[in-house]
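Let's take a walk through this structure together, one piece at a time. Have the sequence at hand and keep the 3D view open as you read.

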Amino acid sequence: MLKFTEEHEWLKIEAGVATVGITEHAAGQLGDLVFVELPETGSNFAKGDSAATVESVKAASDVYCPLDGEIVEVNQAIVDDPSLVNSDPQGAAWFFKLKLANPSDADALLEEAAYKELVA
Amino acid sequence: MENNPHLKQTPLHALHLSLGARMVPFAGYDMPVQYPDGVMKEHQHTRVAAGLFDVSHMGQVIVRPKSGKIEDAALALEKLVPVDVLGLAEGRQRYGLFTNAEGGILDDLMITNRGDHLFLVVNAACKDADFELLKAGLSDTCDVTMLDDRALIALQGPHAEAVLGELWADVSAMRFMDVAEADLHDVTCIISRSGYTGEDGFEISIPVASAVDVTQRLLEHPDVKPIGLGARDSLRLEAGLCLYGNDIDTTTTPVEGALEWALQKARRAGGAREGGFPGADRILGQFAAGASRRRVGLKPEGRAPVRGGANLFADADGKTPVGQVTSGGFGPSVDGPVAMGYVDAGHIENGTTLFAEVRGKYLPVAVAALPFVKQTYKR
C-alpha cells in the first residue's frame, strides 16, 4: 500500500511497517542536499514529531513522522551520500522504517492521485 | 509566475522569470534565490567559469562637492566613515563602514573616487537610512543623489576577465579595486574590478534602459551562467566576507568584526586625520586595548552545517557560553560546512575547539582562519 502526506512524505506499508521517504516534489523544492540526520532505531515518535533533518546549502528542514510508531530501521546510505535523496527520492533514498502503532491510521493518508493533485 | 505586489522589482526582474528563477523576498525586493541549475552548481560554476548576479537592489549614490573639489567631498564623507577617503586616488575603490556614536556599524559600503564626485554602493536593506545619513551629514558641502536610473550586475569568476575582454579589450589593464568607464555594446557603463565571492570579477553599473540588453548579451557567452542569492551567500561565506545584518550590525564594532584593515593609518591613533568619525573613542580604544570578543572563522568538524544563531560553548556539555555563530552553512568548494561568528577573546586562537549547539547536541567546531578558500583577486 502506497500513501502520501501533505508534508510531502511517501509511505510504503507492508505488514504494519511503513517505509518512509520524501517525495520527488519535496526533494526538488529542497534543492541539493548536503546533510541528513536520521532518528535512532528503537525510538518512538508521534505523528507530526520531527523525526529527521535534511539540510541543503542554504537551510535545514525537518522531516516529520507521518504516523505514530517506532523506528525499526534507518537508511545509512543517505547519511553517507545525501545527494541520493535528490537522485532517487522515491526509491533507494528511503529514510526510515516505522512500525505503526495503529496500522489503520494509514487509511486517512492521501492516495497517490490525491497527492499529485496537491502538488500540481 | 505571480508577482508579489508588495515587493519592488529590479530592471532585470522579467529576465529572471524567463530564466526560470525561483524568486524570494530580499530587502524589499523580489529576487532570484536560484535558477534551475540550483545553488550547488551555480556556486561551483562561479568558482570555475563565470557567474552573473543581479545586484540592482543595492543603492548607488553620487556625492558631488558643491565646490567642485573632490577633496571637499572626501573630507565630508570622512565624518561618517573611519576610512581614508582623502587618500583614495581617482579611479580607485575602497571598502568602508558607516559607524554610529557607539562605534557600531550602520552599514558597509564601497567608496569610489570618480574624479569630480564620489560614487558609493550601499546595501539594499540600509539604502534609505544611508541616504538620509548622507544628506544630513553632507548637504552643506555636497549634493547627494540616489541613482534610480541604473542597474548593477556582478560578473564573477576566473573567466570573468576573458568574457568582459571580448567587449572591452582594456579590461585586462584593471587591477583589483580599480574603477573605469567603458562602453559595452555601445552602452556607457561604470565597471569596478571587485565583488563578493572571493573570485576575481567585476561589478558593472548600467543605465536602466540598456540593462536587460547588456545582461542578456553577457549571458549568451557559453562560460556565463546566472547565479542567485543562494550561491551568492555560500560564495561570500567561503570567502570570509561579512553579510551586513548577520555578521556585522549596530551591536558590533569594526574591531570586534575583525575589520581593522578597513581603517587606514590616516584615521587611526597617530594618523594625519586621527578619529573624527562617529564612535571614534570606542573604536580607537578597542584598537589599542583589544575587544572582548572577535569575529572568527569556524570550521565544523563533522558534516552537519552549523547555522547562524547557534550558540557556542567552550565545553561539550554546553556549560560555558563563549559566543554565537552569525553565518553558517555548507561550502560547496570546501565540500563541508563552514561558518563564522563572534567568540570571547580568550577562545579566538586558530585551532581552538569550541562546541556549537545544534538541535540539542554540542558539535565540535574549530576556530579557523578566514577565508576558507583562496581569494583570487588580481592585485
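**A tour from a strand in chain B**

Start at Ile206(B), which sits in strand S12 of chain B, the stretch covering residues 201–207. Keep in mind that this is a predicted model. Is Ile206(B) buried or exposed? Ile206(B) counts as buried, because it has 24 C-beta neighbours inside 10 Å, and the cut-off for that label is 20 or more. Leaving out residues up to four places away in sequence, Ile206(B) touches Arg150(B), Ala151(B), Ile153(B), Val187(B), Cys189(B), Ala211(B) and Val214(B). For a sense of scale, look across to Val334(B): it is 128 residues from Ile206(B) in sequence, and the two C-alpha atoms are 33 Å apart in space.

One of those neighbours, Ile153(B), turns up again in the largest nonpolar core. That core has 102 residues, and Ile153(B) is among those with the most contacts inside it, together with Val85(A), Val63(B), Leu77(B), Leu120(B) and Leu155(B). Another core lies apart from it, with 22 residues, including Ala339(B), Met340(B), Ala356(B) and Val365(B). As a general backdrop, nonpolar side chains in soluble globular proteins tend to be buried together.

Now hop over to chain A by way of Val85(A). Not counting residues up to four places away in sequence, Val85(A) touches Ile22(A), Ala27(A), Leu33(A), Val36(A), Val54(A), Ile78(A) and Ala93(A). Take the last of these, Ala93(A), which you'll find in the loop between helix H3 (83–87) and strand S9 (96–100) of chain A. Despite the loop address, Ala93(A) is buried, with 22 other C-beta atoms within 10 Å. With its neighbours within four places in sequence set aside, Ala93(A) is in contact with Gly21(A), Ile78(A), Leu84(A), Val85(A) and Asp88(A). Follow the chain to Ala106(A), 13 residues from Ala93(A), and the C-alpha atoms are separated by 21 Å.

While you're in chain A, have a look at its open sheet of three strands, with the order S4-S6-S7 and antiparallel pairing. Why do S4 (33–37) and S7 (60–64) of chain A each have a side without a neighbour in the sheet? These two stand at the edges with a single partner strand each, so one side is left free of a neighbour in the sheet. On average, neighbouring strands of this sheet are turned by 25° against each other, direction ignored. S4(A) and S6(A), residues 50–56, pair over four bridges in the antiparallel sense, and Phe35(A) has Glu55(A) of S6(A) as its bridge partner.

How do the two chains meet? The contact takes 11 residues from chain A and 14 residues from chain B. On the chain B side, the elements giving two or more residues are helix H2 (39–48), helix H7 (229–238) and strand S16 (321–331). The chain B residues there divide into six nonpolar, five polar and three charged.

Chain B itself is divided into domain 1 (1–291) and domain 2 (292–379), whose C-alpha centres lie 26 Å apart. Here 24 residues of domain 1 are in contact with 27 residues of domain 2. H2 and H7 of chain B are the elements that give two or more residues to the domain 1 side, and the largest share of that side, four residues, comes from H2(B). By class, the domain 1 side has eight nonpolar, eight polar and eight charged residues.

H7(B) deserves a pause. Nine of its 10 residues are buried, so H7(B) is largely enclosed by the rest of the structure. Its buried residues pack against S1 (22–26), S2 (29–34), H2, S3 (50–54), S16 and S17 of chain B. Just after H7(B), Gly240(B) takes a positive phi of about 75°.

Finish in domain 2 with strand S14 of chain B, residues 293–300, where eight of eight residues are buried. Both faces are covered: Arg293(B), Arg295(B), Gly297(B) and Lys299(B) are buried on one side, and Arg294(B), Val296(B), Leu298(B) and Pro300(B) on the other. S14(B) pairs in the antiparallel sense with S17(B), residues 336–344, over six bridges, and Val296(B) has Gly341(B) as its bridge partner in S17(B). Four bridges also join S14(B) to the antiparallel strand S19(B), residues 361–368, where Lys299(B) stands opposite Ala366(B).

Note on methods: Residues are numbered from 1 along each chain as its sequence is written. Chains are lettered from A and ligands numbered from 1 in the order in which they are written. This is a predicted model: local features need pLDDT of at least 70, side-chain atom pairs count only at pLDDT 80 or more; totals for chains, interfaces and linings use all residues. Two strands pair if DSSP finds at least two bridges between them. Axes are lines fitted to C-alpha atoms, for helices over the stretch in contact, and angles run from 0 to 180 degrees between N-to-C directions. Two residues are in contact if their C-beta atoms, placed from the backbone, lie within 7 Å. Ala, Val, Leu, Ile, Met, Phe, Trp, Tyr, Cys and Pro count as nonpolar, Asp, Glu, Lys and Arg as charged, and the others, Gly among them, as polar. A nonpolar core is a set of buried Ala, Val, Leu, Ile, Met, Phe, Trp, Tyr and Cys residues joined through C-beta atoms within 7 Å. A residue is buried if 20 or more other C-beta atoms lie within 10 Å of its own, exposed if 12 or fewer, and partly exposed in between; C-beta atoms are placed from the backbone. Domain bounds come from an automatic or database domain assignment.
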